[in-house]
Amino acid sequence: MAGSAPGGGRPLIITEDPLLLDDLLRLCAAAGAEPHVHHEVPEQDGAVGALEVGGGARSAGWESAPLVLVGDDAARRVRGAPRRAGVFLVGRDLDDPQVWQRAVEIGAEEVLRLPDAESRLVDRIADVVEGAGRPALAVGVIGGSGGAGASTLACALAVRAARAGERTILIDGDPLGGGMDVLLGGESAEGLRWPDFAASRGRVGAGALEESLPELHDLRVLSWDRGDRVVVPPAAIRSVVAAARRRGGVVVVDLPRRVDEAVAEVLAQLDLVLMVVPGELRSVAAAGRVAAGVRMVARDVRVVVRGRCAGGLDPESVAGLLGAPLAGEVPVEVGLPGRAAEGEPPGTQGKGPLARFCDGFWQRALGSAQGVPA
């Protein structure tokens, strides 16, 4: 690492303290970053020299690195470097009152003491390495009653977003739902499933998460498997969903109807929840109870009416009874269950009513005037 040329997205570490260097390398690895390490060299007369503005600082990536971690031992050596954002003074024992003066002298944003600040530093490294772009638009889909078709709509939304060119992750939030990978025809596809994240602690790298998931129909899917049920702690679920959002694009989550602590962690990170409700009175009554639990956490809940029963309620009446805005109506699509059983996921028929609904939804939600390919 020490001899590599710095690249965009690689933090810069400046220290001669081997123990501190070990700590910083470990934290960079935890954040999914490969840093460039710059070792300062004393001047010929034995005095400590400052980084040359036109030489060492720039050649080591001082100005181009997204983040610079300066060891407390090296603070005096970088006083001559150009001022820039993203400089942190780091040490393992920062009780010295002069450390704050040295931080001011090098223009450090913050002084971080290890090991107390380890988790904050990992988060900061991961943020700059992964980029601080716009987070993904996160949409949850939940059934207002049993058999409402929420999983079908969630799958179709993800398929259509991917076909529109959006980076897309489909997350199966229902451990008892049988697996969204099955609905996509990829139950045997290689990649991680939810049980693999049960032991996760702390932050999950966004890039590593995306690359570890099965890729099916141009999207990534995080599903449950068919093995014994494994409980994934709410904190791990929160970290995984947050990582999925940091990559930008679109995240679609298929939600169970029961809102427990783990589901609440997901709901808190969603921009919008679509509740799928059949257009008949009994389903609306059941949806009212589901909506009450979802609204305790979710910011924005809207109704999607699926089909119409003979003598049933019209979409506007359904939404009015539930006290939520109407996101639209999804007509029943003839032949959809048979095609899904043959390995054709919902949403792949570009001219079908389900695909048309999804395309219209994304055009409105993403603010895009572009058509979506069939």
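How many residues does helix α8 have, and what span does α8 reach from its first C-alpha to its last? The notes below start there and then move on to the backbone and the cavities. Keep in mind that this is a predicted model.

## Helix α8

Helix α8 runs over residues 234-246, which makes 13 residues. From its first C-alpha to its last it reaches 18 Å, close to the 18 Å expected at 1.5 Å a residue. Right after α8 comes Gly 248, with a positive phi of about 80°.

Which residues of α8 are buried? They are Ala 236, Ile 237, Ser 239, Val 240, Val 241, Ala 243, Ala 244 and Arg 245. An α-helix has 3.6 residues a turn, so residues three or four places apart point the same way. As for what covers the buried residues of α8, the list includes the strands β6 (137-143), β7 (168-172), β9 and β10 (250-255). It also includes the helices α7 (206-212) and α9 (261-267).

## Positive phi between β8 and β9

The loop between β8 (215-216) and β9 (219-222) holds His 217, and Asp 218 sits in that loop too. His 217 has a positive phi of about 55° despite not being a glycine. Asp 218, also not a glycine, has a positive phi of about 70°.

Are these two buried or exposed? His 217 is partly exposed, at a relative accessible area of 35%. Asp 218 is exposed, with a value of 58%. For a partner in the picture, recall that β9 is among the elements covering the buried residues of α8.

## A cis peptide bond

If you're checking omega values, stop at the bond from Leu 114 to Pro 115: it is cis, with omega near 10°. Where is Pro 115 found? Pro 115 belongs to the loop that links β5 (110-113) and α4 (118-130).

## Cavities

Rolling a probe the size of a water molecule over the atoms shows where empty space is left. In this structure there are two cavities of 30 Å³ or more, and the largest has a volume of about 90 Å³.

What lines the largest cavity? Eleven residues do, and those nearest its centre are Gly 149, Thr 152, Arg 306, Val 330 and Leu 354. Sorted by class, the lining of the largest cavity has seven nonpolar residues, two polar ones and two charged ones.

Notes:
Residues numbered from 1 in each chain as written. Predicted model: local features only at pLDDT ≥ 70, side-chain atom pairs only at ≥ 80, totals over all residues. Heavy atoms only, no water. Helix = DSSP H or I, 4+ residues; strand = E, 2+ residues; numbered from the N terminus. Buried < 20%, exposed > 50% of the residue type's maximum accessible area, 1.4 Å probe, protein only. 1 Å grid on protein atoms, 1.4 Å probe; cavity = no way out; pocket = protein on both sides within 12 Å on 5 of 7 lines; lining within 4 Å. Points joined across faces, edges and corners; volume = space filled by probe spheres on them. Nonpolar A, V, L, I, M, F, W, Y, C, P; charged D, E, K, R; others polar. Expected span 1.5 Å × (residues − 1). Contact = heavy atoms within 4.5 Å.
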